[in-house]
Amino acid sequence: MSSTERRLREPAGREEREESPQAGADTAAGSGDAARETLEDYTLRFAPRSYRRWTPMVVATTAMGGIAYLADFSIGAGIGLTHGTGNALAAILLAAVVIFVTGFPLAYYGARYNIDLDLITRGSGFGYYGSVLTSVIFASFTFIFFALEGSIMAQGLKLGLGLPLWLGYLVSTFMVIPLVVYGMKALSKLQVWTTPIWLLLMVGPLVYLVVTDPGTVDHWLSYAGTDGQEGRGGRSGLNTASVLLGSGVCLSLIAQIGEQIDYLRFMPPRTDGNRRAWWTAVVVAGPGWVVLGALKQAIGVFLAVYVIASVGPAAAAEPIQQFKAAFDAMMPSWLVVPLAVALVVISQIKINVTNAYSGSLAWTNSFTRLTGRYPGRMVFVLLNLAFALTLMEADMFSFLNRVLSFYSNCAIAWVVTVATDIMVNKYVLKLSPHAPEFRRGMLYAVNPVGTVAFVAASGLSIATYFHALGDTLQPYSPVVAALIAFVLTPLMAVLTKGRYYLRRTTDGIDEPLLDADGNPSATLYECHVCRQEFERPDVAACRTHDAVVCSLCLSTDRIGAHVLPASVG
């Protein structure tokens with residue numbers, strides 16, 4: 001341990017603590033709560049090695065449990081019923097490829113450097129305050145899909161228990177609160193134990209239908225959709241507009257990678273001993289989530305076509321009706337509804353604890369940066385649930401595809417911008433710093449590279465979606481979002497010569513951020529503001545004291561007393 005390091009770990013003396021009482025008062029607001037990091041699950045900061053005790057497979061299983069949602073069945077059903085099976089499958093495949101390619105670099109960075117997508121976004125083209133915009137977009141994703149899953153659960157409770165929808169919405173909202181409070185520790189147990197049951201209930205009926213009645217497959221593949229246009233569905237040919245419209249709905253799920261990273265950031269360090277398991281977990285639970293997601297969407301089309309004759313096109317998109325019919329074909333009648341309701345409830349709990357958890361992280365990140373106050377994650381758990389409940393009571397399920405189609409324009413622009421910055425600006429152009437940076441003082445407030453690319457891509461794609469560029473181009477709004485983000489991100493990096501990524505090139509501490517294996521260093525330093533110990537990547541030198549400050553205390557420093565000045569070297 002160097003002399004500098006030993007000095008920085010020593011508690012500051014009385015004289016030093018009293019040197020700047022105003023600074024202490026302004027940074028202490030919110031910093032006291034930082035000590036409850038196990039409860040708060042490292043909401044705003046790097047996840048330290050001392051907390052990351054799970055194996056790669058446990059982390060992956062927990063992350064995959066977050067995609068147990070039934071919304072995929074509704075999304076696939078909605079696309080297939082409108083545009084036909086052929087167009088729906090092409091749309092699902094196209095969206096899955098885009099989501100996998102863009103999700104891979106984000107998942108790698110989250111798992112390798114143990115930070116969430118917001119922290120990745122800060123140093124990948126947006127800046128310290130610029131990424132607040134994308135945090136709000138991600139938070140919106142979580143409460144939109146919470147509302148969707150809550151609506152599906154309410155439909156199940158109405159069918160199985162006779163509860164009115166409004167009461168079902170309340171039940172589905174409030175039942176997740178106790179499970180979200182304790183973060184990763186509770187969620188890992190929940191997801192691991194419920195995943196086998198969920199898989200059995202989901203896959204069993206499908207296999208039974210295909211094996212006992214192969215004709216259902218032919219009927220599914222030949223289904224042409226309800227829009228009545230020849231040549232749009234099944235085996236009669238693909239229609240480009242239909243495929244793009246359908247993929248736009250599927251691409252609203254591109255922001256799901258943020259929820260996957262909220263778990264992947266707890267991956268253990270990558271070593272020679274765990275390299276294979278580490279990479280497998282990152283790929284499967286990172287971008288690989290979309291493989292299962294796409295399969296569920298295709299199954300949703302299959303089940304919707306299977307039940308449409310008996311329940312009608314409106315109810316055919318409801319997962320509870322789809323699985324009720326599937327269970328009815330293989331089970332005694334008295335078991336049908338209980339099993340269908342059990343599947344819906346398990347799925348809703350598995351995904352909505354993740355939606356509430358990830359949404360609370362995003363809201364807390366944004367609020368703390370903008371106000372310098374840290375109210376604790378639970379405040380924003382409740383806020384996210386309030387937004388979701390409002391959407392449910394407004395009957396969001398009835399206009400699901402329109403909501404998702406609009407939202408996808410912003411989500412695509414954001415994710416493609418960050419993925420392009422990592423893949424192109426960091427590794428090809430080398431204009432973006434290779435190691436991610438997220439600490440206040442190290443970053444510019446706003447980086448025009450990602451901010452301009454995102455605003456231009458989302459703005460033009462939304463304009464295209466609302467027919468501002470003509471009816472012919474309207475289905476191409478997802479393509480507009482992706483292409484503009486992909487082109488503008490490296491172009492802006494070249495035009496700015498990468499000068500707006502780092503406000504400083506050193507954080508004032510001699511020890512490197514990464515150890516000899518390229519993993520974040522586990523050396524402990526004591527923050528002289530909150531008196532807690534944090535690992536090397538989470539601290540920086542203090543501007544006014546011969547000591548270090550943790551990233552959260554820097555975020556809550558409302559007068560900037562401890563923030564390093566803009567300089568290099």
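**Notes on the aromatic pairs**

1. Let's start with phenylalanine 387, which is partly exposed because its relative accessible area is 33%, a value in between the cut-offs of 20% and 50%. Please keep in mind that this is a predicted model.

2. The count of aromatic pairs comes to 24. One of them joins tryptophan 363 and phenylalanine 387, with 5.7 Å from centre to centre and 35 degrees between the planes, so the pair is tilted. It links distant parts of the chain: tryptophan 363 belongs to helix α19 (residues 333-371) and phenylalanine 387 to helix α20 (residues 377-393), 24 residues apart. Tryptophan 363 counts as buried, as its relative accessibility is 14%.

3. Another tilted pair is formed by phenylalanine 406 and phenylalanine 466, whose centres are 5.8 Å apart and whose planes make an angle of 50 degrees. Here too distant parts of the chain are linked, 60 residues apart: phenylalanine 406 is in helix α21 (residues 400-426), while phenylalanine 466 is in the loop between α22 (448-465) and α23 (477-496). Phenylalanine 406 is partly exposed at 34% relative accessibility, whereas phenylalanine 466 reaches 52% and therefore counts as exposed.

4. Do have a look at the cluster that ring pairs build from Phe104, Tyr108, Tyr109, Tyr113, Trp278 and Trp279. Within that group, tryptophan 278 also has a charged neighbour: arginine 270 lies over its face, 5.4 Å from the ring centre.

5. A further arginine is worth a glance. Arginine 369 places its charged end over the ring of tyrosine 128, at 6.0 Å from the centre of that ring.

Conventions. Residues are numbered from 1 along each chain as its sequence is written. This is a predicted model: local features need pLDDT of at least 70, side-chain atom pairs count only at pLDDT 80 or more; totals for chains, interfaces and linings use all residues. Side-chain values use heavy atoms; hydrogens and water are left out. Rings of Phe, Tyr and Trp (its six-membered ring) pair if their centres lie within 6.5 Å; planes under 30 degrees apart count as stacked, over 60 as edge-to-face and the rest as tilted. Helices (H or I, at least four residues) and strands (E, at least two) are DSSP runs, numbered from the N terminus. Buried means under 20% relative accessible area, exposed over 50%, partly exposed in between (1.4 Å probe, protein chains only). A charge sits over a ring if NZ of Lys or CZ of Arg is within 6 Å of the ring centre and within 35 degrees of the ring normal.
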